[in-house]
Amino acid sequence: MAGVFLATLYEYSPLFYISVVSLCFVVTAAMVLGWFGFDVPVILRSYDEQEPSLPEKQMVQVTNPFALELGSGSASVTDGVLVRPCCLESCVLSCFWGCEVSTLQGVLHAHQHGMMLSTHQHFQEALNLHYYYCQKFHISSEDRAERHAQIPADQGITDFGPLPRQRYPLVAVLTLEEAQERHVNDIVASVIVIHVPDDKYKLSAQILFQYLLTSQGSMYELKPLFMSADSGGMSGSADSGHTFTPSDTQSEDQIPVMEEEDWSEGTEGRDCVVCQNAAVNRVLLPCRHACMCDSCVSFFQHCPICRAFVQESFALTQSNDCQ
């Protein structure tokens, strides 16, 4: 009976041809999209097919001797701001108020093309007075006290103009106090751009950017790593110095990692958001979500947290590949 019905449908109904053509089109399109890396239902993939693993970011261990965080209390251009430096070696904290954006970017670019910026004098000469006011503090390796940075009242500066601004409110530069021979990957300066509230833009004080300069002439931008909401929020904030990702102008495929015993403390006890079994050990790039383990990362082309396409990843814990 079924055979008679199919034969009759084949002979008299054009819907049979339309159905066959549509089915072939859907299957072919799904296979093509799957070959080119787009998400397709798992049922269309062979279970014997080997999933391609994500490219792994090459890493190198270095020690970041600089850290800076905003201190307690309110902050404003007129009242100043408290900053708390923390250095492994004796260093100099230089606070440049009202530094021109274009000048600072040009100085950072010059460092990558041969102009070594490793001391307070180097930065002061390179900026060439393209700022309103400069303060200098000497910080010892044991010193954890807060420093008060403020523009003198006789300058008469209460704001830095309307948006988009041509000047950064505050640029804090940490440099080593004693210049000496350094390894090619050693960090010799830290440049921190800080927003300070003023009369025209009252957003709370916060660190906007942080750049790390090496003795080799490289520049890295320090960025935060994000944990899932049920795993303790955010790990490796921009002040912690735990993980560095290369800036857009950096050509080397290396991410420096701070060489400390507490490197993996931020992820201990946090489970992979996929399998809920193994510990989180992978950071996805470029979204910087630390949410998966080594086993699960190879099965995803999109971040399970934000659905951003994953270009590469790197391991949180140290291994022989990172030496």
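**Backbone exercises on a predicted model**

Leu 129 is exposed, with a relative accessible area of 66%, in a model that is predicted.

**Exercise 1.** Determine where Leu 129 and Gln 276 lie, and state what is unusual in the phi of each residue.

*Solution.* Begin with the general expectation: most residues other than glycine have a negative phi. Leu 129, although not a glycine, has a positive phi of about 65 degrees, and its place is in the loop between helix H4 (120-127) and strand E5 (133-139). Turning to Gln 276, phi is near 55 degrees, again a positive value in a residue other than glycine, and this residue is found in the loop between strand E14 (255-258) and E15.

**Exercise 2.** Classify Leu 129 and Gln 276 as buried, partly exposed or exposed.

*Solution.* The class of exposed residues begins over 50% relative accessible area, and buried means under 20%. Leu 129, at 66%, is therefore exposed, whereas Gln 276, at 46% relative accessibility, counts as partly exposed because this value falls in between the two cut-offs.

**Exercise 3.** Locate the cis peptide bonds that lead into Pro 164 and Pro 286.

*Solution.* As a reference, most peptide bonds are trans. The bond from Leu 163 to Pro 164 is cis, with omega near -10 degrees, and Pro 164 sits in the loop between strand E6 (147-149) and strand E7 (167-176). Likewise, a cis peptide bond joins Leu 285 and Pro 286, with omega about 10 degrees; Pro 286 lies in the loop between strand E15 (282-285) and strand E16 (289-292).

Note on methods: Residues numbered from 1 in each chain as written. Predicted model: local features only at pLDDT ≥ 70, side-chain atom pairs only at ≥ 80, totals over all residues. Heavy atoms only, no water. Helix = DSSP H or I, 4+ residues; strand = E, 2+ residues; numbered from the N terminus. Buried < 20%, exposed > 50% of the residue type's maximum accessible area, 1.4 Å probe, protein only.
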